Amino acid sequence: MTSVDALWQARYRHPAPMDLPDSPVLRALMSHRSVRAYRPDPLPEHALPAAIAAAQSAATSSNLQSWSVIAVKDQARRKRLATLGGNQKHITVAPLFLVWIADLSRLARLATAEGQTHEALDYTESFMTSLIDAALAAQNATVALEGMGLGTVYIGGLRNHPEAVAAELGLPPLAFPAFGLCVGYPDMAHPASIKPRLPQACVLHREQYDPQGENGLIAQYDRDADAFQREQNLPSRAWSRTMIDRIATVAGLHGRDTMRATLARLGFPLK
C-alpha cells in the first residue's frame with residue numbers, strides 16, 4: 001500500500017514539508033489518476049448502486065438534489081457518445097459510461113404537478129447550483145469506484161455537442177449533460193500514473209488572494225510537468241505555454257463558445 005508521503009512526492013515532485021496523517025481516505029484521494037485503458041471485464045453488480053449511494057451522500061444545495069446520472073452500457077450508444085465527445089475511444093472500451101446531468105427538470109415537474117410556478121429555475125444561480133451539485137456527486141462516486149479497484153476518467157468533451165448528447169439520452173428540457181465518466185478495471189498493460197499538480201502555494205491563498213511569487217512557482221511546475229511528460233514517453237512541453245495556447249483563441253473551446261445559446265435551447269433561460 002502506497003504511503004501518503006509517497007503519494008505527496010508523486011503529486012508535487014518533492015517530499016512533504018511536514019508529517020501527514022496516514023489516513024486511508026487521504027491515500028485514496030491522493031492516489032487518483034486518469035485511466036484511459038480498460039479491461040473488458042464487466043463490473044461487479046454492486047459497483048453502480050454503491051457509487052450512486054456515495055454520490056447521493058455528497059452535499060447538495062438546500063437539499064434540492066438537482067442532478068441525475070445516466071448509466072450507459074450499450075456498446076452502440078457508447079460509440080455514438082464517443083464520437084460526440086471528441087472521438088475518445090476509451091468511452092467505447094470502458095464497460096460503463098456515466099453521464100452526469102445538471103437536472104432542474106425534476107423540480108419543474110414537481111412544481112407543475114402541483115399547479116405551481118417554478119420561476120426561480122429560470123435564473124443563472126439555479127443552473128450553477130445544479131451544475132455544482134452534479135460535480136460534487138460525481139466526485140464522491142469517483143472516489144467510491146476507485147476504492148473498489150476500478151479506474152475512471154472524466155469526459156468534458158460531451159459539452160462539444162450537448163444538444164446531440166441530450167437527444168441521444170432523451171433528456172427533457174432543463175436537463176444538461178455536464179460531463180461523462182468512464183468506469184472500468186484498469187488495463188495494467190497500459191498503467192496510468194499520478195500527474196503532478198501546481199504547487200500548493202499557487203492555489204492556496206491565506207486571508208486574501210495574493211499572486212505574488214506565482215511566476216517562479218509556475219516555472220518550477222513547468223519543469224516538473226515536462227519531466228512527467230518525458231517519463232510517459234509523451235512530447236516535451238511546458239504547462240504554462242500549453243495553457244496560454246489553449247486560451248489564446250475561441251478555437252480552444254472546441255465549439256463551446258455558443259454554450260449560452262445552447263443552454264437556452266435546452267430550456268435554461270439563465271436570467
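Arginine 230 counts as partly exposed because its relative accessibility is 47%, where partly exposed lies between buried (under 20% relative accessible area) and exposed (over 50%), judged with a 1.4 Å probe and protein chains only. The structure is a predicted model, in which local features need pLDDT of at least 70 and side-chain atom pairs count only at pLDDT 80 or more, while totals for chains, interfaces and linings use all residues. Residues are numbered from 1 along each chain as its sequence is written, and side-chain values use heavy atoms, with hydrogens and water left out.

**Salt bridges**

- Side chains of opposite charge can pair when their charged atoms come close.
- Ten salt bridges are found in a search of the whole structure, a salt bridge being a side-chain nitrogen of Lys or Arg within 4 Å of a carboxyl oxygen of Asp or Glu.
- Arginine 230 is the partner of aspartate 226 in one salt bridge, with 3.1 Å between the closest N and O atoms.
- Both aspartate 226 and arginine 230 belong to helix α10 (residues 214-231), where they are four residues apart, or about one turn of the helix; helices (H or I, at least four residues) and strands (E, at least two) are DSSP runs, numbered from the N terminus.
- Aspartate 226 is buried because its relative accessible area is 13%.
- Arg77, Arg80 and Glu168 are joined into one network by salt bridges that share partners.
- Aspartate 41 and arginine 39 also form a salt bridge through their side chains (3.2 Å, N to O); aspartate 41 is partly exposed at 30% relative accessibility, and arginine 39 is partly exposed with a relative accessible area of 32%.
- A further salt bridge links the side chains of aspartate 122 and lysine 271 (3.9 Å, N to O).
- Because aspartate 122 lies in the loop between α6 (105-113) and α7, and lysine 271 in the segment after α12 (259-265), this pair ties together parts that are 149 residues apart in sequence.
- Lysine 271 is exposed, since its relative accessible area is 54%.

**Nonpolar surface patch**

- Met128, Ile132 and Leu136 make a nonpolar surface patch of about 270 Å².
- Leucine 136 is located in helix α7 (residues 124-147), and this leucine 136 counts as partly exposed at 39% relative accessibility.

**Annotated region**

- The unreviewed UniProt entry places the feature "domain: Nitroreductase" at residues 30-185.
- Over residues 30-185, the chain is 42% helix and 19% strand, with the end C-alpha atoms 19 Å apart.

Technical notes. Patches are made of residues with over 30% relative accessible area and no salt bridge: like charges are joined within 9 Å, nonpolar side chains (Val, Leu, Ile, Met, Phe, Trp, Tyr) within 5 Å. Accessible areas come from the Shrake-Rupley method with a 1.4 Å probe; for residues, only the protein chains shown count as cover. UniProt positions are given in the numbering used here, feature names are shortened, and annotations may be inferred rather than shown by experiment.
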